[in-house]
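Good morning, and thank you for coming. I would like to take you through one structure, beginning with the empty space inside it and then turning to the chain around it.

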Amino acid sequence: MNQMPAKYIIRLCSTPACHKTYRGEDFIRIVAEELGIKPRETSADGRFRLEIADCMGMCFHAPSMMVNEERYQDLTADKARQVLRQLKSA
Ligand code: FES
């Protein structure tokens, strides 16, 4: 794990109102586990980096996630995992 840039930059919001909304689960933890990296890390293969933002302007559609410039809103844990698994298999 390192600080290198990656093919896919995953961005999540850090505010509790945004990342604790899905059944009280920690959305950052869910995404980090799926990627196998911690926040602010890049995967060993250089494909994924997880960044944490203060606000991404999608407060009313939490949990939300950005993958590079693409926005995913009103996510569930399962929807987020599905998006990430599609990227992994691409
Ligand atoms: S405070 Fe989380 S997206 Fe705005």
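**The cavities and the chain around them**

The second largest cavity is lined by Cys-13, Cys-18, Cys-55, Met-56, Gly-57, Met-58, Cys-59 and Ser-64. Please keep in mind that this is a predicted model. The volume of the second largest cavity is about 30 Å³. Its lining residues comprise 6 nonpolar, 2 polar and no charged.

Several cysteines appear in that list, including Cys-55 and Cys-59. How many disulfides does a search of the whole structure find? The search returns 0 disulfides. As for exposure, Cys-55 is partly exposed, with a relative accessible area of 49%. Cys-59 is also partly exposed, at 44% relative accessibility.

Let me explain briefly how such spaces are found. Rolling a probe the size of a water molecule over the atoms shows where empty space is left. In this structure there are 2 cavities of 30 Å³ or more. The largest cavity has a volume of about 40 Å³.

Which residues line the largest cavity? They are Leu-12, Cys-13, Cys-18, His-19, Phe-27, Ile-28, Met-56, Pro-63 and Ser-64. Cys-13 is thus named in the lining of the largest cavity and in that of the second largest cavity. Met-56 likewise lines the largest cavity and the second largest cavity. In the lining of the largest cavity, 7 residues are nonpolar, 2 are polar and none is charged. Three elements, β1 (8–13), α1 (16–19) and α2 (27–35), each contribute at least two residues to that lining.

Those elements belong to a larger plan, to which I now turn. The protein chain has 3 helices and 4 strands. Read from the N terminus, the order of the elements is β-α-α-β-β-β-α. Along the principal axes, the C-alpha atoms fill a box of roughly 35 × 25 × 20 Å. A compact globule of 90 residues would have a radius of gyration near 12 Å, and the protein chain agrees with this because its own value is 12 Å. Of the 90 residues, 44% are buried. Among contacts with a separation of 6 or more, 61% join residues 24 or more positions apart.

Helix α2 deserves particular attention here. Is α2 enclosed by the rest of the structure or open? Because 7 of its 9 residues are buried, α2 is largely enclosed by the rest of the structure. The buried residues of α2 are Phe-27, Ile-28, Ile-30, Val-31, Ala-32, Glu-34 and Leu-35. Two of the residues lining the largest cavity, Phe-27 and Ile-28, are therefore found again among the buried residues of α2. The cover over the buried residues of α2 includes β1, α1, β2, β3 and α3.

Within this helix, Val-31 serves as an example. Val-31 is buried, with a relative accessible area of 1%. Not counting residues up to four places away in sequence, Val-31 touches Ile-10, Leu-12, Leu-50, Met-65 and Leu-84. One of these, Leu-12, also lines the largest cavity. Val-31 and Arg-11 are 20 residues apart in sequence, and their C-alpha atoms are 10.0 Å apart in space.

I shall finish with the backbone, at three places in the loops. Where does Pro-63, one of the residues lining the largest cavity, lie in the chain? Pro-63 lies in the loop between β2 (48–53) and β3 (65–67). The peptide bond from Ala-62 to Pro-63 is cis, with omega near -5°.

The second place is Arg-40, in the loop between α2 and β2. Although Arg-40 is not a glycine, its phi is positive, at about 70°. Arg-40 counts as partly exposed, at 44% relative accessibility.

The third place is Asp-74, in the loop between β4 (70–72) and α3 (77–89). Asp-74 is a residue other than glycine with a positive phi, near 50°. With a relative accessible area of 39%, Asp-74 is partly exposed.

To close, I return to the starting point. The structure holds 2 cavities of 30 Å³ or more, and neither the lining of the largest cavity nor that of the second largest cavity has a charged residue. Thank you for your attention.

Technical notes
Residues numbered from 1 in each chain as written. Predicted model: local features only at pLDDT ≥ 70, side-chain atom pairs only at ≥ 80, totals over all residues. Heavy atoms only, no water. Disulfide = S-S within 2.5 Å. Buried < 20%, exposed > 50% of the residue type's maximum accessible area, 1.4 Å probe, protein only. 1 Å grid on protein atoms, 1.4 Å probe; cavity = no way out; pocket = protein on both sides within 12 Å on 5 of 7 lines; lining within 4 Å. Points joined across faces, edges and corners; volume = space filled by probe spheres on them. Nonpolar A, V, L, I, M, F, W, Y, C, P; charged D, E, K, R; others polar. Rg over C-alpha atoms; globule rule 2.2 N^0.38 Å. Contact = heavy atoms within 4.5 Å.
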